[in-house]
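Here's a quick tour of one model, strands before helix and loop. Have a look at the fold, then read on.

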Amino acid sequence: MKLLLDARFWRQQAGGISRYSRQLVAGLLKLDTDDQFHILIRDIDEAQFEVRDERVTKHVTGIGHYTLSEQTRLPGFIQTLGVDMVHFLNFNQPVLGIGV
């Protein structure tokens, strides 16, 4: 399965959501699975993203939370990835869905 994790709050300064994001990815990578993990991070978080695993594909975006782009551009971007499931790690997400 191809799973996308919306980890756009990856940076340590983001607090609880950041900690949850980092621990979730670490826990998933301990599993004995052939699943592929696509991790969506912000361009401002790229320097802090140090995950190295052959099952991980990093996707960098400038689309921030609580923006018009999150509602209009993010769904199309996610659809181009061809993932089977998306897990939004923060409570907000595109209102009209993404059609995965």
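How many bridges join E1 to E2, and do they run parallel or antiparallel? Five bridges link the two strands, and they run parallel. Before going further: this is a predicted model, where local features need pLDDT of at least 70, side-chain atom pairs count only at pLDDT 80 or more, and totals for chains, interfaces and linings use all residues. Residues are numbered from 1 along each chain as its sequence is written, and side-chain values use heavy atoms, leaving out hydrogens and water.

Strands (E, at least two residues) and helices (H or I, at least four) are DSSP runs, numbered from the N terminus; two strands pair if DSSP finds at least two bridges between them. E1 also pairs with E4, again parallel, over four bridges. One residue pair for each partner strand:

| E1 residue | Partner |
|---|---|
| Asp6 | Leu40 in E2 |
| Leu4 | Val86 in E4 |

Four of the five E1 residues are buried (under 20% relative accessible area, 1.4 Å probe, protein chains only), so E1 is largely enclosed by the rest of the structure.

Now for H3, residues 74-81: its buried residues are Leu74, Pro75, Ile78 and Leu81. They sit on the same side of H3 because they cover an arc of only 115° around the axis, taken from the directions from the helix axis to the C-beta atoms. They pack against E1, E2, E3, H2 and E4, with contact meaning heavy atoms within 4.5 Å. Just after H3, Gly82 has a positive phi of about 65°.

Tyr66, in the loop between E3 (56-61) and H2 (68-72), has a positive phi too, near 60°. Most residues other than glycine have a negative phi. Tyr66 is exposed (over 50%), at 54% relative accessible area.
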